[in-house]
Amino acid sequence: MYRELKLFACRAASELASEVAERLALPLGGVDVFKFPNDNTFVRITENVRETDVFVFQTSCPPVDENLLELLIMLDTVKRASAARVTAVMSYFPYVRSDKKDQPRVPITARLVADLLVTAGADRIITMDLTADQIQGFFSVPSDHLTAVPILANYYRERIDCSNLVVLAPDPGAVKRARKCAQRLGAPLVFLDKRRLDDSGAVEVTTIVGSVAGKDVLFFDDEIDSAGTLTLAVNEVIRAGASRCFAAASHGVFSPPAFERIRSSPLVEVTVTNSVPVGQAPPAVKILSVAGLFAEAIRRTHNGESITSLFL
């Protein structure tokens, strides 16, 4: 059993970390982060962490590389300050979509990031809803892969009539996650067959596998980035006779022009979690907190308890 639990936050994850700290009835640890005139980042922990169980929060949002480097420096800082164990808590893992070599002479950057975290001093990693489950195999230290599926599914169970609902996976890669949501809602699962046209992210929907006529449709995926695939798919299912369209995702990345696309689409509502700071979103975007999920995972990790029940 570790002597004391301490939480620290990088700047991009300060809001979520503050919520988690409040739920655990703990203060966030003191830290100074600033840049020298030469653009070098400096991190200083302002309290004793010797032989403590330290959890450091960070997420991935612009500027992605700067936020990643801040996390690496902070991990190194607490490790050199003699923390007993250091856990990197990453609500949204950086470079998560670069998880394979799908063309010649390209990197697997998600694996590189996993290696960098361990080199910087992480003894454990807690993250949520990776794009591909195999990314867990990139970690050479213990990791806990949380999911926001129960939170999102429970919200829609209370929000809409599930007897007329179908859950739609926007591509075959999202089927497994969407199926978990469909099972929780007692709804049928359909999916889109699409192909990516080029490296710009442009896609073409070729087939809707399943019936959406007269149904409310809930699009379910791990993240919404520029919303190009989402809004294209919404238009397709509306043409196929769908009644209303909703969307849910664990991570609201919302790269431009995502908000403009959502505003001009027939989407009734788009629901994401606060794993990434969303900013000034349109009224149709609803944000659910995952602070309780991360707080419970941290409490159980610190106490040496199982977190299996968090997924049930």
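On a 1 Å grid over the protein atoms alone, a cavity is a set of points where a 1.4 Å probe fits but cannot get out, and lining residues have an atom within 4 Å of a point. Keep that in mind for the first stop.

Before you click, two notes on the model. It is predicted, so to speak for local features a pLDDT of at least 70 is needed, side-chain atom pairs count only at pLDDT 80 or more, and totals for chains, interfaces and linings use all residues. Residues are numbered from 1 along each chain as its sequence is written, and side-chain values use heavy atoms, with hydrogens and water left out.

**Stop 1: the cavity**

Select Gln58, Thr59, Ser60, Val64, Asn67, Leu68, Leu71, Met90 and Pro94; together they line the largest cavity. Its volume is about 30 Å³, where a volume is the space filled by probe spheres set on the points, with grid points joined across faces, edges and corners. Now colour helix α2 (residues 64-80), which gives the most to this lining, with 4 residues. (Helices are DSSP runs of H or I with at least four residues, strands are runs of E with at least two, and both are numbered from the N terminus.) By type, the lining has 5 nonpolar residues, 4 polar and no charged. Here Ala, Val, Leu, Ile, Met, Phe, Trp, Tyr, Cys and Pro count as nonpolar, Asp, Glu, Lys and Arg as charged, and the others, Gly among them, as polar.

**Stop 2: past the end of α2**

Move on to serine 82, in the loop between α2 and β5 (85-90). At 24% relative accessibility, serine 82 counts as partly exposed; buried means under 20% relative accessible area, exposed over 50%, and partly exposed in between (1.4 Å probe, protein chains only).

**Stop 3: the open sheet**

Show the strands β1-β4-β5-β6-β7: in that order, these 5 form an open sheet with parallel pairing. Two strands pair if DSSP finds at least two bridges between them. β1 (5-9) and β7 stand at the edges with a single partner strand each, so one side of each is left without a neighbour in the sheet. For a close-up, pick β1 and β4 (residues 53-58), which run parallel and are joined by 5 bridges. Phenylalanine 8 stands opposite valine 56 in β4.

**Stop 4: the second largest pocket**

A pocket is an open set of points with protein on both sides within 12 Å along at least five of seven lines. The second largest one holds about 360 Å³ of space. Of its 18 lining residues, select Asp133, His145, Lys176, Arg177 and Lys180, which lie nearest its centre. Two or more residues each come from β7 (143-146), α4 (149-159) and α5 (175-185). The lining divides into 7 nonpolar, 5 polar and 6 charged residues.

**Stop 5: down the axis of α5**

What does α5 give to that pocket? It gives the most to the lining, with 4 residues. Highlight Val175, Arg177, Ala178, Cys181, Ala182 and Leu185, the buried residues of α5. Look down the helix axis: these buried residues fall within an arc of 160°, so they line one face of the helix. The arc is that of the directions from the helix axis to the C-beta atoms. Just after α5, glycine 186 takes a positive phi of about 65°.

**Last stop: β8**

Finish with β8 (residues 165-169), where 5 of the 5 residues are buried, so the strand is largely enclosed by the rest of the structure. Leu165, Val167 and Ala169 point one way, Val166 and Leu168 the other. Add β11 (residues 216-224), joined to β8 by 4 bridges and running parallel. Leucine 168 sits opposite phenylalanine 219 there.
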